[in-house]
Amino acid sequence: MDLSYILNELGEERENFSNAVVPPIFQTSNFAFPDVASLRTALLDEYETYVYSRGQNPTLTILRKKLAALDGAEDCLVFSSGMAAIFCAVLANIRQGDHIVSVAKPYSWTNKLFSILLQRFGVTTTMVDGTQIENFENAIQPNTKIIYLESPNSFTFELQDLKAVAALGKSGGILTMVDNSYCSPLYQQPIAMGIDITLQTASKYIGGHSDLLAGVLCGAGEQIKRIFSLDMLTIGSVIPPFHAWLLLRSLRTIEVRLERISTSTETVAARIEQNPKIEKMYYPFSTSHPQYELACRQMKKAPGLFSVALRVNSLDQVELFCNSLRRFLRAVSWGGHESLVFPACAGIPVGDFDANTIRHRMVRFYVGLDDPDSLIQDIEQALTVI
Ligand SMILES: *Cc1c(COP(=O)(O)O)cnc(C)c1O
């Protein structure tokens, strides 16, 4: 199945919808039945039937087929946020007393899930430096149920060898899952590498226009049905039909958006890396990245994010640099049309800033659909200010 077929044709079944080119939004909470017997049958299996839109909805069905195919997975579930997808995937596969091995420095709220929330229920997590496979091996305990990955993470961009970790999980009967938000399924295919579950926020590249929140969980059919039938229906954080429709709309252009974004990012990162005010570049497809070879092996491309450490010695200079940018909005998130800048110091209390800690001087850029030369000029003018 080629990518354009998935994006433009798969699951559309236009003959069922008056041959409308664009699928309808089924803006309905529930579905009626001709008699009690058929209602009873439907309630026995909400996975296969339209009963209530906390479960299935026809607009969502089209989206699920496309998103599962993009990941090369048997099936998928779509949530009202990326965090809901991550929470549900983890919750559905642990019980009290279990242990998780997670890559260090996962997404901030995933970190809180492991280090605070799950602790309340007797589930412990060991965080490991994921650049060495031995660290995963050494952290596994008899009660380890999940190995959780995020490759690369979205601030310092360390990678994990997905094939090696998948093989480790398989050999020990441990479920492997990866947050694939940075690459998206277009540029990294973890399921083909043996990973059991892929997760991604659809609020970033899949949505692509900074106007909605959603999250995707892909995996084997049986696993997905099990998660749907208890955990997801209970948590209730399904994507609403209108947002599912917006994602179908966004998918039409994801290939061209990511192509533009990744090409521009490579241009901007390569140029900025040369500037003497940049102490260090963090970008998986820069030859200076310590895992450049692994990045080339398991990722097709690196899309729009990179970070730099500024050669400065005060918080004021980091702030002055960021405040001097005219073409980058100062904001969290990424994946939309607009270019963004996010300095690590925005998440650090002013009194805790330490110029000797390189992380405190780090600034993350997201290159959107803007003209790359204008973005380069903008960064360069802001670097001359400091
Ligand atoms: C944004 C993000 C999430 C969370 O997604 P939401 O849709 O905001 O809940 C998870 N992982 C990564 C890597 C992210 O960047």
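Trainee: Why is the radius of gyration of the protein chain said to agree with a compact globule?

Mentor: The rule for a globule is 2.2 Å times the number of residues to the power 0.38, with the radius taken over C-alpha atoms. With 386 residues, that gives a value near 21 Å; the protein chain has 22 Å, so the two agree. Along its principal axes, the C-alpha trace spans about 75 × 50 × 40 Å. This is a predicted model, where local features need pLDDT of at least 70, side-chain atom pairs count only at pLDDT 80 or more, and totals for chains, interfaces and linings use all residues. Residues are numbered from 1 along each chain as its sequence is written, and side-chain values use heavy atoms, leaving out hydrogens and water.

Trainee: What makes strand β6 largely enclosed by the rest of the structure?

Mentor: Strand β6 covers residues 197–201, and five of its five residues are buried, so the rest of the structure largely encloses it. (Buried means under 20% relative accessible area, exposed over 50%, partly exposed in between, with a 1.4 Å probe and protein chains only. Strands are DSSP runs of E, at least two residues; helices are runs of H or I, at least four; both are numbered from the N terminus.) I197, L199 and T201 point one way, T198 and Q200 the other, and all are buried. In a regular strand the side chains alternate between the two faces of the sheet.

Trainee: How do you know which sense β6 and β7 pair in, and over how many bridges?

Mentor: Strands pair if DSSP finds at least two bridges between them. β6 and β7 (residues 215–219) have four, in the antiparallel sense; T201 has G215 as its bridge partner in β7. β5 (residues 175–179) and β6 have three, in the parallel sense, and D179 has L199 as its partner in β6.

Trainee: Why is the pair of F306 and F365 called tilted?

Mentor: The structure holds 14 aromatic pairs (rings of Phe, Tyr and Trp, its six-membered ring, with centres within 6.5 Å; planes under 30 degrees apart are stacked, over 60 edge-to-face, the rest tilted). The ring centres of F306 and F365 lie 5.4 Å apart and their planes stand at 35 degrees, so the pair is tilted. F306 is in strand β9 (residues 305–310) and F365 in strand β12 (residues 362–366), 59 residues apart, so the pair links distant parts of the chain. Both F306 and F365 are buried.

Trainee: Which residues do ring pairs link into a cluster?

Mentor: Y283, F306, F321, F328 and F365.
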